[in-house]
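User: I'm new to this structure and would like a close look at a single part: the place where the ligand sits. Could you walk me through that, and then through whatever else stands out in the chain?

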Amino acid sequence: MRIALLLFFTLILVLPTQANDGYKLWLDYQPIENSTLKDEVGELMNGIYLFDQGPTFEIIQSELSLASEKMLGASIDFKKINREKSLLWIGTREQLLPFLSASLESEIKNLGEEGYWMGMIESDGAKHFTIVGNQPVGTLYGVFNFLQNIQKGTFDKNTLISDYPKVKIRMLNHWDNLDRTVERGYAGFSIWDWHKLPEYIDPKYKDYARANASIGINAVSLTNVNANALVLTTDFMKKVKVLADLFRPYGIKVYLTARFSAPMEIGGLETADPLDPEVQSFWQKKTDEIYSFIPDFGGYLVKANSEGQPGPHEFGRDHSQGANMLAEALAPHGGLLIWRAFVYSHEVDEDRHKQANLEFIPLDGNFRDNVILQVKNGAIDFQPREPFHPLFGAMKETQVGMEFQITQEYLGQATQLVFLAPMWEEVLKSKTFRPTANSTVSEIIQTPVSPRQVTLMAGVSNIGNERNWTGHLFAQANWFAFGKQAWNPEINSDQISEDWIKLTFGQTQELVSKINQIMLPSHEAAVNYMTPLGLHHIMGRGHHYGPGPWVTGGRADWTSLYYHRADSLGIGFDRTSSGSNALSQYAPEIANNWSNTSQIPEKYLLWFHHVPWDFKMKSGKTLWKEIALHYDQGVKSVAEMQNIWASLENDLDAERWDHVNQLLAVQRTEAEWWRNACLLYFQTFSQRPFPAEIEQPAGDLDYFKSLSFPFAPGIRPSW
Ligand code: BDP
């Protein structure tokens, strides 16, 4: 009987088909297969000496124990270990001071608060592999890096590693409502169970913090930018405090979204005018109260005067007056005020693309130095592909931070596999030519405007209470990628995907290369079957699920026609000097180049130009033909993704393979739907036949138009 049981458990451990629901993310330490590595790591992990006992070191200890049990099948007895005999030392710079040479000490110090170093240190003739951070959290980051390198099979104890984050605040923005619905959330309900807090602490909160720390995320804004003032009441502060206390040892600070009209909604005032002394005192008291619960509270994130949200304009004040009033309340506590630049109004008679620059550039220099302006990657709204936002490089005295969207509102939501790192990389590596000729977006967001200011990269979270966190298993890769790109905006996407695949699925070269062939082209594929050649904002109304190029009526800047402007002559939004002239908001080097239809990169063509259907593209084909080929290519790419995935059936556990396999089939259907609906619709303007070489779009345009999705996920009832 015993032998049978043993056999049974052994089988469970080794079978590739072992059930895996994705909960463990990239932290599912697998047994080390390479025996040399296993011996080397086994020797090191057999003798770990921790120089500290604090809360962050408790986390380090349990992470090492878990990893050792799973990777080596051995438990670590930390109590028994003698420092001199130990082969692996882990501590902070201060604790390790007696063992560091002066030059090494200063090298480590220069890595900054969250930086870490690892390598061999000699003491009394004995060598110790040492992981050292300037602060406990830096040490934690070092330990995660150490464990990830082991899992990836790249660990070498003789290689020195030192690293530090290039962006100071690496933040998730949850768009989670207090009733647990999530705006643009596709992974179930919010993970914050406000109703049961503060008493009930879901074990998931710790797993969430651990996952974030493992990729360097150090800040979270818990609530929707379309904010509810109630989160600022004392009852909610008690709940938020529980989360802040839990997250602290993981190096994560909590932020809240502040509704601008809160003084009226929960303060009993008749105004929220930022220059009103009573309003100022409301915010000061409110803020002091938050800090009495959470002494290291990060600050507020604010969406104001955009899409119906209240803001300073109602009181005849500008954005800097609104932001500064809140920043002033936070300043005595060292808090930050993050003000969003996603500001536009249909009452302003101006191309939506231009509105943020028009609004904020005149205010440059007016903001307090604890204000950061959070700018979306592009000027419209997280489209499948956008040219970078012209505010990057345009603000000289204001700290500008990046806002990416990890949740795939416009990129297939949770039914499509779209790896977003290449898209973010494209934006980050874009040349702005401002403030200097060599500037890139990445450099701008890494550079503090003054020594007192801090840098920021935020990502709108794709996390919910679904078992695998993100709905689509591959959406985990976007969470992972965001952390890695916020840590180092210069990193290449293929390095991220390779790491994620190795940590999530396995290390064999064939597996990594096949999954990479699915992930890396997946963004271009989505652009092709949704919005090729610079088309944008042609999704279904409100929910943004599926194609809706015909959407018209109501607020103009929420219709598709506003953006694609198709007519019998051609298609595209003229943003040159003969149109809205949004191009003039970029540096002249870009504006001049992109004004010309033969010089602009074709991927942005219809974003900036209204182009005749017979316009000759670089390929020699007409624009109409080229659009059709792109849509068709998008579908073909998904078919290829399916084929590659199908070939992996025997290499992966059945549960995750099947989940992705089914979703890829959905993606194929959706890609075909996009192609057919858009091409049939645009043909009503182009009046040209479909190219013979593409699969002819099938279906009936009226049918596509009639589809309605009243219960599509991620929308608030009011949209
Ligand atoms: C848009 C979303 C909307 C958000 C808004 C924002 O459709 O739900 O509230 O962005 O960023 O993408 O504030």
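Analyst: Let's start with one contact: an oxygen atom of the ligand has a polar side-chain atom of Glu183 at 2.4 Å. Keep in mind that this is a predicted model. Right next in the numbering comes Arg184, and an N or O atom in its side chain is 2.9 Å from an oxygen atom of the ligand. Lys376 joins in too, with a polar side-chain atom 2.7 Å from a ligand oxygen. How much of the ligand's accessible area does the protein cover? On its own the ligand has 320 Å² of it, and the protein covers 99%.

Now step back to the whole shell. 15 residues surround the ligand, and Glu183 turns up again among the closest, together with Lys303, Arg340, Asp381 and Glu409. Sorted by class, the shell has 8 charged residues, 5 nonpolar ones and 2 polar ones.

While you're looking at Lys303, one of the closest residues, scroll along to Asn305. That residue sits in the loop between β9 (299-302) and α11 (319-330). Its backbone has a quirk: phi is near 50°, a positive value, and Asn305 isn't a glycine.

There are also two cis peptide bonds to look at. The one from Leu197 to Pro198 has omega near 0°, and Pro198 belongs to the loop that runs between β6 (169-173) and α7 (204-214). The other goes from Arg434 to Pro435, again cis with omega near 0°. You'll find Pro435 in a loop as well, between α13 (421-428) and α14 (441-446).

Finally, follow the chain to helix α22, which spans residues 623-646. How do α17 and α18 pack against this helix? Take α18 (residues 522-530): its axis lies 7 Å from that of α22, at an angle of about 140°. That angle makes the pair oblique, because only angles over 145 degrees count as roughly antiparallel. Helix α17 (residues 509-519) crosses α22 at roughly 160°, with the axes coming within 9 Å. So α17 and α22 are roughly antiparallel to each other. As for handedness, α18 makes a left-handed crossing with α22, and α17 also passes α22 in a left-handed crossing.

Technical notes. Residues numbered from 1 in each chain as written. Predicted model: local features only at pLDDT ≥ 70, side-chain atom pairs only at ≥ 80, totals over all residues. Heavy atoms only, no water. Near = heavy atom within 4 Å. Polar contact = N/O pair within 3.5 Å; in protein donor to acceptor, adjacent residues only side chain to side chain. Areas by Shrake-Rupley, 256 points an atom, 1.4 Å probe, with all protein chains shown as cover. Nonpolar A, V, L, I, M, F, W, Y, C, P; charged D, E, K, R; others polar. Axes fitted to C-alpha atoms, helices over the stretch in contact; angles between N-to-C directions. Helix = DSSP H or I, 4+ residues; strand = E, 2+ residues; numbered from the N terminus. Parallel < 35°, antiparallel > 145°, perpendicular 65-115°, else oblique. Left-handed = near helix turned anticlockwise from the far one by under 90°.
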